[in-house]
Amino acid sequence: MKNIKKYFFARILADTNLYLVELGNNEFHYGAEIIINTEFGKDIAVISSFLMDKKPTQKAYESRVMSGYITEKDKEVLAINSKRSQVLKSTISETIKRRELKMSITHILVPLYGNTVVVYYVAKERVDFRQLLIELKSNLKEKVIMRQISNKERSKSFAIDCRIPFEKNTWTR
């Protein structure tokens, strides 16, 4: 008998991206926190759609097969990473101010498992942050990715952070 693949969408907390995830041999629990593979490493996401039999055509990042549901150990790591991202946000914001760059940090994503720091920012115009990136990489000793987002995406990320359901099947305002 042919194994039928099932798919669903998930969103990472504090991220604006939608991820397409394959269910694999796991049970499906709508709204549950799961671990998925992203381009930055393993991270916690929330299931934000119902199961689908076919791979949808909607634009989304692919995450491969769901790794599983979060454990107590994962929650402990998440708490540590959350505190670390707050410290990083303040440090990076000070560096930006010192370099007089016209940009504002919205949030920092530190994956559950991985050695990448993703800095989300808004700016009215193009910003040359090459020197900032060099300084951050040398200080943090980790891969640093800068992602510019729009104000609309910024609003979505705060809704995801606060876990405020607004529209059916999504975690957006």
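**Figure 1. Strands E8 and E9 side by side in the predicted model.** In this predicted model, E8 and E9 run parallel and are joined by six bridges. One place to start looking is Thr116, which stands opposite Lys143 in E9. Zooming out a little, the pair belongs to an open sheet of three strands, ordered E7-E8-E9, with mixed pairing. E7 and strand E9 (143-148) are the edge strands, each with a single partner, so one side of each has no neighbour in the sheet. From one strand to the next, the twist averages 25 degrees. Helix H1 packs on this sheet and touches E7 and E8, its direction making about 150 degrees with that of E7.

**Figure 2. Helix H1 from end to end.** How far apart should the ends of H1 be, given 1.5 Å a residue? For the 28 residues of H1 (residues 72-99), the expected span is 40 Å, and the end C-alpha atoms are indeed 40 Å apart, so the two values agree. Just after the helix comes Glu100, whose phi is positive, near 55 degrees.

**Figure 3. The buried residues of H1 and what they pack against.** Follow the helix along and you will meet the buried residues Asp74, Val77, Asn81, Ser85, Leu88, Ile92, Thr95 and Ile96. Many readers will recognise the spacing: an α-helix has 3.6 residues a turn, so residues three or four places apart point the same way. Which elements do the buried residues of H1 pack against? The list takes in the strands E3 (33-38), E4 (41-47), E6 (68-69), E7 (104-109) and E8 (116-122), together with helix H2 (130-140). Ile92 makes a good landmark here: setting aside neighbours within four places in sequence, Ile92 is in contact with Ile105, Ile108, Val119 and Leu136.

**Figure 4. Val119 and its surroundings.** Val119 has its place in strand E8. Is Val119 buried or exposed? Its relative accessibility is 0%, and therefore Val119 counts as buried. If residues up to four places away in sequence are not counted, Val119 touches Ile92, Ile105, His107, Ile108, Val144, Ile145, Met146 and Arg147. For a sense of how sequence and space compare, take Val119 and Leu88: they are 31 residues apart in sequence, while their C-alpha atoms are 9.3 Å apart in space.

**Figure 5. Two nonpolar cores.** The largest nonpolar core has 19 residues, and those with the most contacts inside it are Ile92, Met103, Ile108, Val119, Leu132 and Met146. H1, E7, E8, H2 and E9 are the elements that give two or more residues to this core. Apart from it lies another core, this one of 18 residues, including Ala10, Val21, Leu109 and Ile145.

**Figure 6. The two sides of helix H2.** In H2, the buried residues are Leu132, Leu133, Glu135 and Leu136. Why do they lie on the same side of H2? The arc they cover around the axis is only 165 degrees, which puts them on the same side of the helix. Turn to the other side of H2 and you will find Arg130 and Ile134 exposed. Among the elements covering the buried residues of H2 are H1 and E9. H2 is followed by Lys141, whose phi is positive, near 60 degrees.

**Figure 7. Strand E2 and its two partners.** Strand E2 (residues 18-22) is mostly covered, with five of its five residues buried. Leu18, Leu20 and Glu22 point one way from the strand and Tyr19 and Val21 the other way, and all are buried. Strand E1 (residues 7-12) pairs with E2 in the antiparallel sense over five bridges, and within that pairing Leu18 in E2 is the bridge partner of Arg11. E2 also runs parallel to strand E5 (residues 61-65), joined by three bridges. Here Tyr19 stands opposite Tyr61 in E5.

**Figure 8. Stepping back to the whole chain.** To place the close-ups in context, the chain has three helices and nine strands. Read from the N terminus on, its elements run β-β-β-β-β-β-α-β-β-α-β-α. Of its 173 residues, 46% count as buried. Taking contacts between residues at least 6 apart in sequence, 65% join residues at least 24 apart.

Terms used:
Residues numbered from 1 in each chain as written. Predicted model: local features only at pLDDT ≥ 70, side-chain atom pairs only at ≥ 80, totals over all residues. Heavy atoms only, no water. Helix = DSSP H or I, 4+ residues; strand = E, 2+ residues; numbered from the N terminus. Expected span 1.5 Å × (residues − 1). Buried < 20%, exposed > 50% of the residue type's maximum accessible area, 1.4 Å probe, protein only. Contact = heavy atoms within 4.5 Å. Pairing = 2+ DSSP bridges. Axes fitted to C-alpha atoms, helices over the stretch in contact; angles between N-to-C directions. Core = buried A, V, L, I, M, F, W, Y, C linked by side-chain atoms within 4.5 Å. Arc of directions from axis to C-beta.
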